[in-house]
Amino acid sequence: MNKYFIYFFTISILISCRKEITLNLANASEKVVVQGSIEPGFPPYVILTRNQGYFDPIDSNTYNDLFIYEDEISKIKVFKLDKTEIIDSIELSYEMIGDIAVFTNLNLTIDWTTFSQEGFRYNLEFNWNETLITSTTTIPFSNPLDSIWVEETDNIQDNKYNYDINAILTDPDSIGNNFLIRSKRLEHWIIDTLASNGTPRNENDNSLLLVDCGPDVLVNGESFETRFPRPSGQGGFPNGSYKSSRYKTFIDTYPYNIDSILLPEDLVLIKFSQVDLAAMKFWRGVVRNSTAGNNPFSEPMNLSSNIKGGLGSWTGYGSRYYLVPIIKDTTITTEYVPTIFDIF
Amino acid sequence: MSKNIFLLSLFLICSFISFSQTYTISGYVQEESNGENLIGVSVFDKKTNKGSSTNQYGFYSITLEKGKHNIVYSFIGLKTIEKEINLEKDLRINISLIENSTVINEIQITEEGLDQNVEKTSMSQVKLKIKNIKSIPAILGEVDILKAAQLLPGISGGGEGSAGLYVRGGGPDQNLVLLDEAVVYNAAHLFGFFSVFNADAIKDVNIIKGGMPAQYGGRLSSVLDISMKDGNNKKYQVDGGIGLLSSRMTFQGPIKKNKSSFIISGRRTYVDVLSKPFLNKENKETGEPNPFAGSGYYFYDLTTKINYRISDKDRIYLSGYFGRDVFNFSDNESGFGIEIPWGNATTSLRWNHLFNDKLFMNTSAIFTDYRFEFNIAQTDFELKIFSGINDWNHKTDFLYIPNTNHEIKFGSNFTYHIFTPGNATGQAGEVDFSPDEIFKQYSNEGALYISDDIILNDQFKMNIGLRYSSFQHSGDINPITFLKNEIRLDTNNNYRHIEPRIALRYRLDLNSSIKASYSENYQYVHLASTGAVSLPTDLWVPSSDIVKPKYSKQYATGYFKNFKDNMYETSLELYYKEMENLIEYKEGILPEDNTNTSSDESFTFGNGESYGMEILLKKNQGKTTGWIGYTLSKTTRYFDEVNDGTPYPAKYDRRHDISLTLTHKLTDAWDLSSVFVYATGNSITLPSERYVIDGNIYTEFTSRNGYRMMPYHRLDIGATYTPNKKKKKRFESSWNFSVYNIYNRKNPYFIYLGLEDNIEDQNGSIQDGNLTPKAYQVSIFPILPSITWNFNF
C-alpha cells in the first residue's frame with residue numbers, strides 16, 4: 001500500500017528538483033544467479049547467470065556475458081528427499097530446449113513422474129568458483145481451479161475486442177498455500193504487421209511470464225472469483241502503457257492506455273501453482289519489483305533468495321495448467337497436459 | 001553491597017530528621033494576565049538560598065525554619081516578586097507574576113527560573129518557550145514544536161522537512177511523546193512533514209534527552225512532555241492565524257472567573273479546497289469527465305481543555321486532542337479509489353489534590369487511540385486494511401517535599417494496551433474475506449517509581465530514583481475471555497524489571513556546575529517499520545515471548561556555566577548509550593504477511609550503540625537572542641541477520657550536526673529571526689550490483705546504510721511585523737514573513753537508481769544492450785517564501 005503514498009510524494013516532487021549524480025559504489029563481488037525449477041512429471045532445469053556491478057556498462061554483449069556455461073561449474077546434482085533421507089538423485093547437463101539454454105536432464109529412461117513428485121523435497125548442489133552452491137525446495141500439493149472462463153472486460157467500455165480470463169478458486173482451509181500464477185500466449189496474431197508472405201504473424205510469448213505470487217493469509221479457506229490479467233512484458237500485473245502502434249488495427253475506437261487486455265483468438269496457457277514459503281517470498285519480490293519498482297521511501301530489500309552461496313531461486317511447483325482460447329464466453333472444463341516446451 | 005545500602009538508607013533517614021521547628025509555605029504561581037499556572041518558577045529563600053521550583057501544575061512547597069524570610073519568586077520575562085514573611089505557621093501563598101516592563105523590548109528564550117540549568121540535578125533537559133518557537137522561520141509558515149526541537153543538540157530530524165525526532169541514536173519509537181500526559185503514538189501530519197501539535201494551544205514543552213527521571217518510562221531515548229494551556233481565566237480571548245497551508249483559531253476564556261476556564265483550538269489545511277476547481281467532476285468547457293475528481297489530501301486537529309478549581313486543595317482538568325489526516329485518490333475511469341484516514345485521539349481527566357502543604361497528588365485517567373485505515377475499491381472488489389493501538393491508562397503521581405533538602409516523587413502507572421496489529425477485510429463480488437474475529441492483542445503495562453532530589457550540601461545534589469516496570473502480554477486473550485474461561489496466561493510473556501536512575505550535580509560556584517547521570521530504561525512496545533521514513537502504515541507491536549523488551553543504559557556527564565546574570569548559558573555534555581533487542585523486519589518479510597495474525601515471527605533483533613558530545617551556547621536576554629548547538633556523534637547497529645552480521649551505521653547516524661538560531665528585535669514593530677543548520681548527510685542503502693531473472697533486471701543491496709548522502713545545510717529567515725505594538729488595542733494582529741532555504745540549496749531528499757532507455761520512445765532491454773544505468777538525487781523544498789497573518793482580540 002505504500003506505493004499510494006508515492007502519489008503524494010510525487011506531487012511534492014513536482015516542486016522538487018532532480019539531478020543526475022555520479023556515485024562511487026563499492027565493487028560487487030561475483031555471484032552465481034540460479035533460476036531453477038522442478039515440477040511433477042518433468043525433469044528439473046536450471047538457468048545459471050552471474051551478477052554484475054550496478055554501473056557496469058550495458059551493451060550488445062552484456063546479456064550473453066551473463067550466462068554461465070558447463071565448463072565453469074561442476075556437475076549439478078539434484079537429490080530427492082523423503083523428509084531428511086535422500087531417496088534418489090540425478091545430474092543435470094547443458095542442453096538447448098527450443099531457444100532456451102538450460103542445465104537439465106533429457107534422459108528418456110528416467111520416469112519423471114516417479115522422480116518429480118508432489119510432497120517431496122529436492123536439494124540442488126553444485127560447485128562454482130570453488131564455492132559450494134546449495135538450495136532446497138519442496139513441490140507442494142497442487143490445487144486445481146474450480147472453473148475458468150473468458151469474459152468480455154467490464155473495465156474497458158465500448159471495446160468488443162478485449163477480454164479477461166476469470167476463474168473461481170477455492171483455497172484449502174489451511175494457511176501456507178502460497179500461490180504463483182504464470183501465463184503465456186501460445187498464439188497472438190498481429191494483423192497490422194504482416195509476415196513476409198502476407199499472412200498474419202504469430203507474435204507469441206517466449207516463456208511463461210509471472211503474473212502474481214503471494215500467500216493465502218487473506219483468502220484462507222475461501223472460495224472466490226478472481227481474474228488472471230495478462231502480464232506485462234516484465235512480468236507481474238501490467239503497468240506499462242498500451243502499445244497503440246502494435247495493435248493499431250484494433251485501436252480506432254480504442255481510447256484507453258491499458259495493457260492488461262487479451263485480444264480475440266489469442267491462445268493463452270495458464271499455469272496455476274502452489275510454491276513453498278521461500279519460493280513465495282522470492283517470486284513475490286519479483287512481482288513487487290516489476291509493478292512498483294524501487295520505492296525510494298521503503299527500506300531497501302533484496303529479493304529473498306533460497307540459494308546458499310548465490311542469488312536467485314530454486315522453486316518446486318505444484319502446478320495445474322489450463323489452455324484458454326480467447327473466445328467470448330468460453331468456459332474451460334478440463335486441465336491441459338503440458339509438454340516439456342510448455343513449462344518454460 | 002548490603003552494607004553500602006544500609007549506610008545510604010541511614011543517611012537518608014537522618015537527613016529527614018529536623019531538630020529545629022519548621023513551617024511550610026506552599027501554593028500555586030500563575031501569570032497575572034491570563035491566570036495560566038506557571039511551570040518551573042524558581043521559589044527560594046534569599047537568606048539561605050534554599051528553594052524549589054513550581055511543578056507541572058504550578059505548585060510549589062518550601063519548608064523553612066521559624067522566623068523571618070524573604071521569599072523570591074522569579075521567572076525570566078516576568079517581574080520577580082520578593083515577599084517578606086514572618087514564618088510562624090504553615091502558609092498558603094498563591095502568587096501572580098506580571099510581565100516585566102523593563103524587558104518588554106527584549107526577547108527571552110528561557111522558560112525557567114534563574115540559573116535553573118546549573119542548579120538542577122537533571123541534565124540533558126531543555127524547555128522550549130512557545131513564544132520563541134513561533135518566531136522561528138518555518139516551512140510555509142507552519143509553526144512546529146518538533147522542528148524547533150530538532151534545532152537542539154542531540155536531536156535530529158529524519159530528513160528534509162521531517163518532523164521526526166531521533167534522539168541520541170534512538171529510533172522514532174523510542175520517544176515518549178506526551179500531550180497532557182496522554183501518549184501520542186504518531187506525532188506527525190502530512191506523512192511526517194508537520195507535527196500534530198498546534199502551538200497556539202501549547203503552554204510548555206519539556207524535552208528530556210537522557211537521564212530520564214523515574215516518573216517517566218516505557219521508552220528508551222527521550223521524553224517530549226507537552227502541556228496544553230489551561231485557558232485564560234480572566235477574560236475571553238481569540239487567537240488565530242491564516243497561512244498558506246492552513247488556518248487556525250483558538251478561543252479561550254473563563255467559565256467562572258478565577259475558578260474555571262476553557263480553551264478550544266482548531267487547525268485545518270486547505271490544499272484540498274484550493275485544488276477543488278482543478279478536480280471538478282467534469283471540465284466545464286469541454287464537458288469531459290475528470291478521472292481524478294474526488295482526489296485530495298487534508299489534515300485537521302482539534303484541541304480542547306477545561307479546568308475547574310474545586311477548592312484551594314482540589315483542581316480538575318479535562319483535556320482532549322483529536323486529529324486526522326485524510327488522503328483520497330480516485331480514478332473514475334477505472335472505478336478505482338483509495339481512501340486513507342489516520343490519526344490520534346487522546347483524552348485526559350486529571351485531579352490535583354493537596355493533602356497538606358507538603359504532599360501534592362495528581363491522578364489521571366487517560367485514553368489514547370491511534371488508528372490507520374487503508375480502503376481500496378475497484379468495481380466489484382473492496383479491501384480494507386486497518387491497524388491501531390488503544391491505551392486505557394491510569395496513573396497517580398505524588399510530590400512530597402518534607403524540607404528544602406528533599407523533593408520526593410513517587411507514584412504508579414498502569415496501562416491496558418489493545419493492539420490491532422494489521423487486519424484486513426475484503427469483498428470480491430459476493431464473497432467476503434472477513435476474519436471471524438478482528439485479531440487483537442492485549443497487554444498490561446505497569447510501573448511503580450520513587451525518586452528523591454536530595455541536597456547533600458551546598459555543592460552536592462543528587463537525584464536517585466528507581467522504577468519498577470512490568471509487562472504482561474496475553475496475546476489475543478482479553479480480560480473478559482480470561483475471566484470467563486479461566487485461561488492461565490503464559491508466564492513466559494511476563495516481564496519485570498528494575499530501572500535505576502541516578503543524577504549527580506556538583507556546584508563549582510553560583511554560576512557553574514558539573515553533572516553526571518546514569519539511567520536504565522525498558523521499552524515494551526515497538527514500532528515495526530519497513531520504511532526509510534516513518535509512515536502511518538508502521539505497526540505498533542507489543543513485547544511477547546519472541547519480541548523481547550528493548551533495553552538501554554545511558555551514561556552522561558556535563559559541564560554547565562552561565563554568564564552575566566543568565567544572559568548566556570553554556571553547556572557541554574558527553575553521552576554513551578547502549579541499546580538491546582532493537583527490532584527490524586526480516587529479509588523478504590512484508591507487513592501483510594501477518595494480516596489478521598501476530599507479527600512476531602516477522603522480526604529480527606539486534607543491538608545498538610551511540611555516543612557523542614553536545615555543545616550548547618545560548619543567549620537568553622537582550623535585543624539579540626538565540627543559540628548555537630553542535631553535536632558530534634556516532635550511532636551503530638549490530639544485527640546478526642542484517643548486513644551479513646557486520647555492524648552498520650544507523651539510518652540517521654550523523655557525525656556533525658550544527659544549528660544556529662537567532663532572533664533580533666529590530667524596532668518596536670519588527671522582529672527578525674533566522675535559522676542555519678548543517679548536518680552530515682544521512683546514510684542510505686544503495687544497490688551495488690544487478691542480476692537477471694526471467695530476462696528482467698533486479699538489484700542487490702550489499703551494504704546497509706553504506707552510502708553517505710551530501711551534507712545537509714540551509715538558511716531560513718523570518719520577520720514579524722506588529723503594527724502599533726505599544727498601543728494596547730482590543731484587536732491586535734501581526735504579519736509573519738519567512739523564507740525557507742533562502743539560498744535555494746538542493747539538499748538531497750533521496751537518491752534513486754534507474755536504467756534508462758538509450759533510444760527515446762523505445763523500451764530498452766538488457767538483451768538488446770540499449771540501457772544505461774544512472775543515479776539521480778531528488779531534492780524537495782527549494783526556496784519557499786511564506787506569509788502568515790496572526791491576530792488576537
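Let me start with a strand pair in chain B. Strands β40(B) and β45(B), the latter covering residues 712–721 of chain B, run antiparallel and are joined by 10 bridges. Within that pairing, B:Val675 has B:Asp716 in β45(B) as its bridge partner. Keep in mind throughout that this is a predicted model.

Now go to the other neighbour of this pairing. Strand β39 of chain B, residues 656–665, is joined to β40, residues 670–679, by nine bridges. That pair is antiparallel too. Here B:Val675 in β40(B) is the bridge partner of B:Thr661. So how many residues link β39(B) to β40(B) in the hairpin? Four residues make that connection. Put the partners together: B:Val675 is bridged to B:Thr661 and to B:Asp716. A general point while we are on strands: side chains alternate between the two faces of the sheet when a strand is regular.

Let me step back to the whole chains. Chain B has 793 residues, and 48% of them count as buried. Its secondary structure is six helices and 49 strands. Chain A has 344 residues, with 35% counted as buried. There we get four helices and 21 strands.

Next, contact range. Take contacts in chain B with a separation of 6 or more: 66% of them are between residues 24 or more positions apart. For chain A, among contacts between residues at least 6 apart, 68% join residues at least 24 apart.

On to confidence. Chain A averages a pLDDT of 78. In that chain, 75% of the residues score at least 70. Two stretches deserve caution. Residues 156–161 of chain A stay under 50, and the model gives them 10 contacts beyond four places in sequence. Residues 234–262 of chain A also stay under 50, with 56 contacts beyond four places in sequence.

Now the core. Which residues have the most contacts inside the largest nonpolar core? They are B:Ile145, B:Ala149, B:Leu178 and B:Ile202, and that core has 82 residues. Apart from it lies another core, of 55 residues. Among its members are A:Phe126, A:Val150, A:Ile165 and A:Ile307.

Let me follow B:Leu178. Setting aside neighbours within four places in sequence, B:Leu178 contacts B:Val183, B:Val223, B:Leu224, B:Asp225 and B:Ile226. One of those contacts shows up in the strand pairing as well: B:Leu178 stands opposite B:Val183 in β13(B). Strand β12 of chain B, residues 175–179, pairs with β13(B) in the antiparallel sense, over two bridges.

Those two strands belong to a wider sheet. It is an open sheet of five strands in chain B, ordered β9-β16-β17-β12-β13, with mixed pairing. Which strands are at the edges? They are β9, residues 125–128, and β13, residues 182–183, of chain B, each pairing on one side only.

A second residue to look at is B:Ser519. It lies in strand β31 of chain B, residues 512–523. Is B:Ser519 buried or exposed? B:Ser519 is buried, because 27 other C-beta atoms lie within 10 Å and 20 are enough. Beyond four places in sequence, B:Ser519 touches B:Gly210, B:Gly211, B:Met212, B:Arg501 and B:Gln554. Look also at B:Ala214. It is 305 residues from B:Ser519 along the chain, yet their C-alpha atoms are separated by 9.0 Å.

Last topic: domains. Chain B is divided into domain 1, 21–104, and domain 2, 125–792. Between them, 25 residues of domain 1 are in contact with 25 residues of domain 2. On the domain 1 side, β1 (22–31), β3 (51–53) and β4 (59–65) of chain B each supply at least two residues. The most comes from β4(B), with five residues. By type, that side of domain 1 of chain B has seven nonpolar, 14 polar and four charged residues.

Chain A is assigned domain 1, 27–138, and domain 2, 145–297 + 317–332. The contact there takes five residues from domain 1 of chain A and five residues from domain 2 of chain A. On the domain 1 side of chain A, the residues are three polar and two charged, with no nonpolar.

Technical notes: Residues are numbered from 1 along each chain as its sequence is written. Chains are lettered from A and ligands numbered from 1 in the order in which they are written. This is a predicted model: local features need pLDDT of at least 70, side-chain atom pairs count only at pLDDT 80 or more; totals for chains, interfaces and linings use all residues. A nonpolar core is a set of buried Ala, Val, Leu, Ile, Met, Phe, Trp, Tyr and Cys residues joined through C-beta atoms within 7 Å. A residue is buried if 20 or more other C-beta atoms lie within 10 Å of its own, exposed if 12 or fewer, and partly exposed in between; C-beta atoms are placed from the backbone. Two residues are in contact if their C-beta atoms, placed from the backbone, lie within 7 Å. Two strands pair if DSSP finds at least two bridges between them. pLDDT is the predictor's confidence in each residue, from 0 to 100. Domain bounds come from an automatic or database domain assignment. Ala, Val, Leu, Ile, Met, Phe, Trp, Tyr, Cys and Pro count as nonpolar, Asp, Glu, Lys and Arg as charged, and the others, Gly among them, as polar.
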